[in-house]
Amino acid sequence: MTRAPLLGTSLAVLLAFSLPPPAHAAAGESAATKPAANAKIERGRYLVTTSGCNDCHTPWVPGPKGPEPDMSRMLSGHPQTEVIPTPPQLPPGPWMVLASGTNTAWAGPWGVSFTANLTPDKETGLGKWTLRNFVDTIRTGRRKGRGREVLPPMPIPMYKHFTDADLEAIFAYLQSIPAVKNRVPEPRPPAS
Amino acid sequence: MAVNTRVALALVALLGTATLVSLGSLPVRSEQSVPSAAHGADLPERLSDAGLFVPGTLRVRLDLLPFSPQYPLWSDGATKRRWLYLPPGTAIDASQPDAWAFPPGTRLWKEFSHRRAVETRLIERLADGSWRYAAYVWNEEGSAALLAPADGIASLPVEGAPGGRYVIPSQDDCLACHEGGPVPVLGVSALQLSPDRDPGAPNAEPRLPGHVDLRDLAARGLLRNASAALLEFAPRIETPSPTARAALGYLHANCGHCHNEGGPLAETGLLLSQASADAAAVNRVLHSTVGQPSETRAFDLDQRVVPGRPEASQLAARMRSRSPLTQMPPLGTQIVDPEGLALIEQWVRQLAPHKENSP
């Protein structure tokens with residue numbers, strides 16, 4: 001079970017060199033601010049790629065060399081078309097966590113969680129989020145700093161230590177990638 | 001559920017370590033951005049040293065002003081007492097009628113009891129204008145209260161609390177509710193301290209002798225720059241029905257500190273706060289809820305409020321839930337407010353289908 005994230009991280013690092021370039025800064029920006037904006041987005045792209053975001057937020061599909069992230073749906077979260085049945089109950093023992101083949105649905109003591117759509121789609125992704133919403137989420141482990149808790153396997157205990165500048169760069173990059181309309185299901189509570 | 005979530009969070013620390021193998025190559029991060037317990041760094045360890053009591057006693061100081069907001073926050077049935085302290089010679093600036101400016105040195109206290117005092121919270125405005133938050137936890141004997149850890153206490157055994165356990169909020173929890181609106185003070189405002197108190201407010205507390213209201217504050221010189229209209233015409237939520245008035249007041253007090261026009265959740269378009277000097281706030285609530293699509297599809301419901309149908313309204317469904325995944329409010333409560341829920345359901349039932357502006 002722990003191999004998947006490690007493998008995913010390696011793949012994500014390799015894919016850093018093949019990802020599409022970020023969207024260009026908005027027209028009308030001054031010559032001085034445009035390179036700065038691009039540099040921020042580039043920094044965000046580097047952080048997103050190397051921090052393993054694609055491991056869980058990009059659905060995996062079988063490829064010629066085994067499972068790999070489907071970059072045509074980059075960072076769009078658990079596919080809404082992928083209906084997940086109730087997870088099987090694990091026998092007593094050390095195994096606690098299950099993941100779907102897409103690596104986007106996870107079951108454990110917290111219930112079933114589905115990875116979020118991080119693309120800038122306004123209805124189903126982060127399109128209406130502000131930088132503050134994003135920073136508050138990562139810092140506190142609650143949606144937008146005030147809603148429900150963000151569930152495992154999102155590594156909030158580690159990511160909360162990103163600097164403000166890094167979180168700003170990550171958010172700028174996420175807002176620059178192609179929007180994907182994909183309504184991720186709501187999480188499910190643990191079986192009682 | 002909450003316990004499971006804590007277990008899960010401990011687990012994710014492990015998972016996160018596995019996922020983040022590449023982070024070691026990143027530049028050293030600025031320590032300044034790492035969250036800390038700095039908010040409470042200089043706070044006294046003991047409540048008895050924190051300015052609430054007459055020194056050497058557990059008697060509340062006479063220069064503190066007790067108050068009771070007309071629309072109380074639901075706190076799982078806890079009995080609450082509240083006090084306001086303003087430094088001598090200072091006053092609240094009411095230039096903005098719904099965003100009062102409190103002077104540095106302002107302190108507010110709230111005591112929560114379940115048969116006995118369990119917790120006393122403090123909000124204080126510092127000299128630099130920032131606010132800090134603290135929680136003190138009482139011992140069973142009621143002889144002392146000690147500063148709670150910045151992470152709070154997820155499950156404190158308290159006989160008399162629902163389920164026998166009580167949650168002490170973390171610093172982040174304090175900020176979540178108190179820094180989502182125009183001013184961190186929620187219970188001392190023109191609407192909450194209006195002399196025209198709503199008799200239909202759920203869980204209403206009587207205004208006891210000595211409790212200050214809007215006019216008292218002004219008469220004592222503790223409220224400056226309040227408009228004549230604010231003092232002459234006691235603020236009230238103007239609606240055609242008593243049910244609507246109480247419902248909108250309830251939503252204001254229990255939801256409006258996050259779901260308001262100027263806060264970090266404004267982009268969701270869900271606006272549940274009221275204003276003493278802006279009658280349009282009533283219609284804003286209706287326009288942002290009735291027939292409006294919800295941001296999520298929790299409970300497989302896709303509208304915030306469906307007129308006449310509380311069972312199809314996500315707003316009511318979330319109030320009816322105490323699953324950490326779906327409940328509203330998400331913090332500060334573990335059991336449903338039966339009186340508040342009944343009121344909101346009644347309000348939704350009374351909303352005429354396809355008619356706007358008829359609260």
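**Strand pairing and a helix crossing in a two-chain model**

In chain A, A:Ala105 sits across from A:Phe114, a residue of strand 5. This is a detail of a predicted model, and it belongs to the pairing of strand 4 (residues 105–108) with strand 5 of chain A, which is antiparallel and runs over four bridges. Step back a little and the two strands turn out to be part of an open sheet of three strands, ordered 3-4-5, with antiparallel pairing. Strand 3 (98–99) and strand 5 (111–114) of chain A are the edge strands, each pairing on one side only.

Chain B has an open sheet too, this one with six strands in the order 1-2-4-5-6-7, and the pairing is again antiparallel. Strand 1 (65–66) and strand 7 (145–147) of chain B take the edges; each has a single partner strand, so one side of each goes without a neighbour in the sheet. Within this sheet, strand 5 (residues 116–125) of chain B lines up with strand 6 (residues 131–138) of chain B in the antiparallel sense, over seven bridges. Here B:Arg121 faces B:Ala135 of strand 6 of chain B.

Turning to the helices, helix 5 (residues 242–254) of chain B packs against helix 8 (residues 338–350) of chain B at an angle of about 125 degrees, and their axes are 9 Å apart. That angle makes helix 5 of chain B oblique to helix 8 of chain B. The crossing of helix 5 with helix 8 of chain B is left-handed. On the helix 5 side of chain B, the residues in contact are B:Thr243, B:Ala244, B:Ala246, B:Ala247, B:Tyr250 and B:Asn254; helix 8 of chain B meets them with B:Gly340, B:Leu343, B:Ile344, B:Gln346, B:Trp347 and B:Gln350. Sorted by class, this contact between helix 5 and helix 8 of chain B comes to seven nonpolar residues and five polar ones, with no charged residues.

How far can the model be trusted? For the complex, the predictor reports an ipTM of 0.84 and a pTM of 0.86. Chain A has a mean pLDDT of 87, with 83% of its residues at 70 or more. Its residues 1–28 are another matter: the pLDDT there is below 50, though the stretch has 45 contacts in the model beyond near neighbours in sequence. Chain B averages a pLDDT of 88, and 87% of the residues score at least 70. In chain B, pLDDT stays under 50 over residues 1–39, for which the model has 68 contacts beyond four places in sequence. Predicted coordinates should not be read in detail where pLDDT is low.

Key
Residues are numbered from 1 along each chain as its sequence is written. Chains are lettered from A and ligands numbered from 1 in the order in which they are written. This is a predicted model: local features need pLDDT of at least 70, side-chain atom pairs count only at pLDDT 80 or more; totals for chains, interfaces and linings use all residues. Axes are lines fitted to C-alpha atoms, for helices over the stretch in contact, and angles run from 0 to 180 degrees between N-to-C directions. Angles under 35 degrees count as roughly parallel, over 145 as roughly antiparallel, 65 to 115 as roughly perpendicular and the rest as oblique. A crossing is left-handed if the near helix is turned anticlockwise from the far one by less than a right angle, and right-handed if clockwise. Two residues are in contact if their C-beta atoms, placed from the backbone, lie within 7 Å. Ala, Val, Leu, Ile, Met, Phe, Trp, Tyr, Cys and Pro count as nonpolar, Asp, Glu, Lys and Arg as charged, and the others, Gly among them, as polar. pLDDT is the predictor's confidence in each residue, from 0 to 100. Two strands pair if DSSP finds at least two bridges between them.
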